[in-house]
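Me: I am new to this structure. Please take me closely through one part of it and what surrounds that part.

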Amino acid sequence: HVFFGDKSAKSIALTRRNIEYCKIGDRCTVIHGDWEQVLRRIKEPVDIFFLDPPYQAGLTVRCIETIDALSLLLPGGLLVAEHSDKEKLPEEIGRYTVWKEKRYGEIVITIYLYDTEE
């Protein structure tokens, strides 16, 4: 099952059209709202999170901390965060540790792993 969330009504409309086009509506939930509203409406933990908050808003760490506090990522899961190269993310946030990081010009993809082994 895939949860899609966005604050933009245009983005939500496009997401719904794409889901309809792919005929996968029975496997998707679309949530319209800001990042906090979206996260609080997800009621089951997931395997993978893709985060793409507005750059320069400083929301990435807060999003990850909230995901951790709400236990929304399954053990062994991945959290993929797209962010500006000007935003340096910590090696650890809550139960998550950086697994990989890749730069694409001014964009960075940081992948956190919820590793249950100590």
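The reply starts from one helix and works outwards.

Which residues of helix α3 are buried, and which elements do they pack against?

Reply: First, the ground rules. This is a predicted model: local features need pLDDT of at least 70, side-chain atom pairs count only at pLDDT 80 or more, and totals for chains, interfaces and linings use all residues. Residues are numbered from 1 along each chain as its sequence is written, and side-chain values use heavy atoms, with hydrogens and water left out.

Now the helix. α3 covers residues 60-69. Helices (H or I, at least four residues) and strands (E, at least two) are DSSP runs, numbered from the N terminus. The buried residues of α3 are Thr60, Cys63, Ile64, Thr66, Ile67 and Asp68. Here buried means under 20% relative accessible area, exposed means over 50%, and partly exposed lies in between (1.4 Å probe, protein chains only). Cys63 counts as buried because its relative accessibility is 4%.

The buried residues of α3 have several partners. They pack against helix α2 and strands β3, β4, β5, β6 and β7. Contact means heavy atoms within 4.5 Å. We can visit some of these strands in turn.

Start with β5, which holds isoleucine 93. This residue is buried, since its relative accessible area is 4%. Set aside residues up to four places away in sequence, and isoleucine 93 touches Val61, Ile64, Glu65 and Tyr112. Of the names just given, Ile64 is listed among the buried residues of α3. Isoleucine 93 can also be placed relative to tyrosine 114. The two are 21 residues apart in sequence, and their C-alpha atoms are 9.8 Å apart in space.

Next comes β4, where histidine 83 sits. Histidine 83 counts as buried because its relative accessibility is 2%. Residues up to four places away are again left out. Histidine 83 then touches Tyr55, Thr60, Leu89, Glu106, Ile107, Val108 and Thr110. Thr60 is another of the buried residues of α3. The side chain of histidine 83 also has a polar partner: one of its polar atoms lies 3.0 Å from the backbone oxygen of glutamate 87. A polar contact is a pair of N or O atoms within 3.5 Å; within protein, one must be able to donate a hydrogen and the other to accept it, and residues adjacent in sequence count only if both atoms are side-chain atoms.

One of the residues touched by histidine 83 is Thr110. Follow that link to β7. Threonine 110 belongs to this strand, which runs over residues 107-113. Threonine 110 is buried, since its relative accessible area is 0%. Its side chain makes a polar contact with the side chain of glutamate 101, at 2.9 Å. Neighbours within four places in sequence aside, threonine 110 is in contact with Leu79, Val80, Ala81, His83, Leu89, Val98, Lys100 and Glu101. So which surface class does lysine 88 fall in, buried or exposed? Lysine 88 is in the loop between β4 and β5. It counts as exposed, because its relative accessibility is 61%. Lysine 88 and valine 61 are 27 residues apart in sequence, yet 9.8 Å apart in space, C-alpha to C-alpha.

Now go to the end of the helix. After α3 comes serine 71. It lies in the loop between α3 and β4. Its phi is near 50°, a positive value in a residue other than glycine. Serine 71 is partly exposed, with a relative accessible area of 38%. Lysine 23 also has a positive phi, near 60°, and is not a glycine. Lysine 23 lies in the loop between α1 and β2. It is exposed, with a relative accessible area of 70%.

Last, the cysteines. Cys63 in α3 is buried. Cysteine 28 is buried too, at a relative accessible area of 13%. How many disulfides does a search of the whole structure find? Zero. A disulfide is a pair of cysteine sulfur atoms within 2.5 Å. For cysteine 28, the closest cysteine sulfur is that of cysteine 22. The gap is 8.4 Å, so it is too far for a bond.
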